[in-house]
Amino acid sequence: MACIEILFRISDKFTATSRHYVDRLFDPDPQNVLQGVIDMKNAVIGNNKQKANLIVLGAVPRLLYLLQQSSSSLELRTECAVVLGSLAMGTENNIKSLVDCHIIPALLQGLLCSDLIFIEACLRCLRTIFISPVTPVQLLYTDPTVIPHIMSLLSRSQHTQEYITQIFAHCCKTPEHQMVLFNHGAIQNIAPLLISPSYKVRMQALKCFSVLAYENAQVSMTLVNVLVDGEQLSQVFARMMQRDKPIEMQLTAAKCLTYMCRAGAIRTDDNCIILKTLPCLVRMCSKERLLEERVEGAETLAFLMEPDIELQRIASVTDHLVSMLADYFKYPSSVSAITDIKRLSKLRHTRDFCNQLDHDLKHAHELRQAAFKLYASLGSNDEDIRKKITETENMMDRIVSGLSESSIKVRLAAVRCLHSLSRSVQQLRTSFHDHAVWKPLMKLLQNAPDEVLVMASSTLCNLLLEFSPSKEPILESGVIELLCSLTQSDSPALRVNGIWALMNMAFQADQKVKVEIVRALGTEQLFRLLSDPDTNVLMKTLGLLRNLLSTRPHIDQIMSSHGKQIMQAVTLILEGEHSIEVKEQTLCILANIADGNTAKELIMTNDDMPQKIKYYMGHSNVKLQLAATFCISNLIWNEEDGSQERQDKLREMGFVDILHKLTQASDPSLCDRAKTAMQQYLA
Amino acid sequence: MSGPSSGCGFLMSVVVHGDLALNEQEKELNQRLKRLYPAVNEQETPLPRSWSPKDKFSYIGLSQNNLRVHYKGHGKTPKDAASVRATHPIPAACGVYYFEVKIISKGRDGYMGIGLSAQGVNMNRLPGWDKHSYGYHGDDGHSFCSSGTGQPYGPTFTTGDVIGCCVNLINNTCFYTKNGHSLGIAFTDLPPNLYPTVGLQTPGEVVDANFGQHPFVFDIEDYMREWRTKIQAQIDRFPIGEREGEWQAMIQKMVASYLVHHSYCATAEAFAKSTDQAVHEELASIKNRQKIQKLVLSGRMGEAIETTQQLYPSLLERNQDLLFMLKVRQFIEMVNGTDSEVRCLGGRSPKSQDCYPGSPRLFNSPVHKASSSQTYQTGTAEVEMELDHFSNGVSESSSNGFLNGSSTHGIDLEECDGDMGEIIIWRQLCGGSQAAIERMIQFGRELQSMSEHLRRERGKNSANKKMLKDAFSLLAYSDPWSSPVGYQLDSIQREPVCSTLNSAILETHNLPKQPPLALSVGQAAQCLSLMARTGSGSCAFASVDDYLH
């Protein structure tokens, strides 16, 4: 389709001259062919229309043929590579056409030639093709002999260095790519280029390291031990962050150090992180920087300090970062606002102004999501910082509107930010309630993609904490069904969050809520969760059970309707291979059951259960001993119906001896617990 | 002090020589200040080095070379607040100024303020509370901008913290640092001539200042690098608009006149040819000056004087001080063993005298006739008007590095460089020859009588007197080269002599005694010092030397 369209648009005269160029490629005299290619080269420079014409008229396969023919002169082959490189400089469609003609294997094949000029022409063309977003990077890795060969060309000239490092920097997108390059000696080969006399080479080499080190411990660990001209690589990077260096260089060097730090290769309290990388990244967030730089700076900084409270504290007081980030929101927030401004500006005939606006609009989403990410990272641990963030002008409003933005990236970042702030008891009590953040959050939970859902549901867990004033309105909004459906998700994270939220919801809840949870979840699902492969899910489910089984009337009511299944599940877990924590939680449930009036009998009449309790009272782990003792203590408690009988029965089973032994235990709380239980017998 | 020197460096060398018992810390301080603020002329605007024992409230106590400040009042109410200022205000020529204060003890309440204040601001207050006073307070982390109420600014600070205060004299802002981390801009639109200031308010509060005595915790040099780059980019991108051609022509003229001035005739000819300009002096005349200069620069003063007298008969007669200077230099070269008279006696044959074809012609008029170079001429005129005023600066500081360059260029020209090279291998008085020594002593006597004659005729001349005294002092040492006056024997000392003689010759022919290039370099240097005086901080990062390689 596109071809036909283009053909129609080309004027006859234009096609005629273009066809003439192509025809000359088929001349029987090689000298004429060479001259034809040279003329073609001069004709296409800077002329996108001519480039498109030649492609449509089939120049590419012929050029590739000439380039690959060993009978062609070296000069002709080189000129062909140059023309192809020029065609690649045009539109994205040009690149697609070139790639469709299998230009990449042809050029890679060309690299095997020994002539440097020809190699450089091929590399230059390959570079142009590979840095285009439409080229599948995988094409670089299809032939396993390519990477080692390209690596060996690094020593040939400054041009090969520039093109190759640029290709690597663009084509290293996955851990597999990192490992291929790493295994073929990328680090040793590229490190010396960091002190190349050419700025372009230095810069591209630096970019290579940033993509190689990203989330890659092996690369990062290797990098710290590399010496360049007797200097450690981290020092070389630190020097590249000096404030008189180009911004691009400062930013990329900061990325390298950030990735090395996150991969554990550099400590977070290392001076080059704390006094160089962090301040450098904060500077990248300043108003003076370009929008792209501000986005990258904020994202990298968020990544750097995510796990480290000390870095978060330092960043929070560096150069007014918290209020500097508020500026990230001062760009047109909706398309309608933009078009309004555009209409106005048309009156003034300022095209530049419009272009500027397009640019701003394009980056507005990016800026907002970057700011949210950085706020999320800043506030993930320190209460004072969270307070500072929420006190920033209109912050909560911005998060609330961010939650319902059209861009998924912004929504995700906004909910991350909200999640980070929701770890604050104080904020849950105040700003979260004041701005009714639960409303957009609930909306977000409907039909969101999984990654958003994970964050949103995790935030919801915090909003459902007992002291959160948002808990009531959320309950009333009918969230239970939604949470129950989350527990059926394929994603373990969503299952955990769903059951966790239910657990929080059930904590000290009304009978009505508890019944509703059990009903909505269904015992079948509850027991399915108890055999969930994810320990977190299992723990939270036990937690939910424990919260459901609290206060005597609730215990008896639930046990009367679901007692059999619950006892089965408890037995199963106590018999199974589980961690101490899981077993402890299960014994606590059992202790709660033992606290019920009628529920007690479910234990007493069970054949195995007292034996199991006995076993855990003699367990080597104190926590389990304690929980089991608690359980017995509840069973033999005086002043309750049938306590005498239970005491007698359990005495017969040898519990008194065990309790007596436990009163001698070295652990003071276990000792106390056993003594209290013994007193029930003495009274 | 060699290489490019500035006023500041000059003063420091005086200080260093003046007090030999200077301790390490002061040496480090001087080095650091010189490195950080090379553009500051400390003779005009000394840098703060300590707190002033005179400019403080009575509740302030100073110790440890006036660097430690402690509170010694009651500290009951804000009325007991007390401050101290540094000895000097911050010079604008710093460009970016920085000092740090370490909190040794926060005392009872930690009501400490760190900042800046103008001279005369009440010292019974914390910095920031009054007009022309600015402070960052430790108890609440607020900044106080000439007001009793603070603004939330940064974190609080307490015992063990190091607080830095940076004044940017280019955009007149100030930011603080805490333990090496920049806290962001605190004040804008600062007035000039602020003093570093600290204030304390409760008993037990003790702080130490670091004006450069120790390395700073914050990397201030990195911040300065950024501003240096900014200013230099501003200069590089200075818009010249439509006048590019005009600028080029002007620069070509300046280069040509410089080459002619220093008698690089071959280069000057080639340059004039390729840039299509006229040379305003006869080639022969240029060659004559070149000849004389080469003689002076190779230490053959006797021949130089003779040649000058031969070519420009009335010049030295009319200018007795110049002749005296040349002869003193000749005496020094005799001691050195390089002057032709003693070299001949020392057994080494002097270079045979060249004969000079024809007599020197009159020079062409020096003023450019083309009317298109209006701006250039105006510029020159202005420079000349100010010439007397700043000629010191030109010859002492900026033109030093400048002439260094010219001497190397000069000697490698044309035929003579092998013969005229230095042959002082043995470093013996007058080359080690007894006859030469006798000749030198006799010459010394002649010089003495010439000096007396000059004094009788024209009155006392302290410069001449000192010149002679320094030269004679050489004989007081068994090894003059390593004596305190030995510097005179260095060949570099020939350069000012050479330059003065050249200028004098040119002047007699109505040519400028300094080339326009040197003048504009001098003017640029002068503009920079004027900027420093009027408070434009960007002068710190635009050193003329940076542009002269």
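In this predicted model, Gln31(B) counts as exposed, because its relative accessibility of 53% lies over the 50% cut-off. The residue belongs to helix α2 of chain B, which covers residues 24–36. Gln31(B) also has a partner that is remote in sequence: Gln213(B) is 182 residues away along the chain, yet the two C-alpha atoms are 9.4 Å apart in space.

Elsewhere on chain B, Phe238(B), Trp247(B) and Ile251(B) make a nonpolar surface patch of about 300 Å². Ile251(B), for its part, sits in helix α4, which runs over residues 244–261. Its relative accessible area is 46%, so Ile251(B) is classed as partly exposed.

Turning from the surface to the interior, the largest nonpolar core holds 244 residues, and within this core Phe237(A) and Leu590(A) touch the most other members. Helix α17 of chain A (residues 247–262) supplies the largest share, with 10 residues. A second core, separate from this one, has 65 residues, among them Val69(B), Ala93(B), Tyr134(B) and Leu183(B). Such groupings fit a general pattern: in soluble globular proteins, nonpolar side chains tend to be buried together. The surroundings of Leu590(A) can be followed residue by residue. Once neighbours within four places in sequence are set aside, Leu590(A) is in contact with Met567(A), Val570(A), Leu574(A), Ile603(A), Met609(A), Ile613(A) and Cys631(A).

Charged pairs come next. Over all chains, the structure holds 48 salt bridges. One of them joins Glu288(A) to Lys230(B), with the closest N and O atoms 3.7 Å apart. This pair crosses between chains: Glu288(A) is in the loop between α18 (271–284) and α19 (291–305) of chain A, while Lys230(B) is in helix α3 (residues 220–236) of chain B. The two partners fall into separate accessibility classes, because Glu288(A) is exposed at a relative accessible area of 54%, whereas Lys230(B) is partly exposed at 29%.

Within chain A, Arg416(A) and Glu306(A) meet through their side chains in a salt bridge of 3.4 Å, N to O. Arg416(A) lies in helix α26 (residues 408–421) and Glu306(A) in the loop between α19 and α20 (309–317), so this bridge ties together parts of chain A that are 110 residues apart in sequence. Arg416(A) is partly exposed, with a relative accessible area of 25%, and Glu306(A) is likewise partly exposed, at 32%.

In chain B, a salt bridge links the side chains of Asp109(B) and Arg108(B), at 3.1 Å from N to O. Asp109(B) is partly exposed, with a relative accessible area of 29%, and Arg108(B) is partly exposed as well, at 43%. Some bridges share partners: Arg243(A), Glu288(A), Glu226(B) and Lys230(B) are joined in this way into one network. As a general point, side chains of opposite charge can pair when their charged atoms come close.

Finally, the UniProt record can be set beside the model. An unreviewed UniProt entry places the feature "repeat: ARM" at residues 58–94 and 521–563 of chain A. Over residues 58–94 of chain A, the model is 76% helix and 0% strand, and the end C-alpha atoms are 12 Å apart. For residues 521–563 of chain A, the figures are 81% helix and 0% strand, with 16 Å between the end C-alpha atoms.

Methods:
Residues are numbered from 1 along each chain as its sequence is written. Chains are lettered from A and ligands numbered from 1 in the order in which they are written. This is a predicted model: local features need pLDDT of at least 70, side-chain atom pairs count only at pLDDT 80 or more; totals for chains, interfaces and linings use all residues. Side-chain values use heavy atoms; hydrogens and water are left out. Patches are made of residues with over 30% relative accessible area and no salt bridge: like charges are joined within 9 Å, nonpolar side chains (Val, Leu, Ile, Met, Phe, Trp, Tyr) within 5 Å. Accessible areas come from the Shrake-Rupley method with a 1.4 Å probe; for residues, only the protein chains shown count as cover. A salt bridge is a side-chain nitrogen of Lys or Arg within 4 Å of a carboxyl oxygen of Asp or Glu. Helices (H or I, at least four residues) and strands (E, at least two) are DSSP runs, numbered from the N terminus. Buried means under 20% relative accessible area, exposed over 50%, partly exposed in between (1.4 Å probe, protein chains only). UniProt positions are given in the numbering used here, feature names are shortened, and annotations may be inferred rather than shown by experiment. A nonpolar core is a set of buried Ala, Val, Leu, Ile, Met, Phe, Trp, Tyr and Cys residues joined through side-chain atoms within 4.5 Å. Contact means heavy atoms within 4.5 Å.
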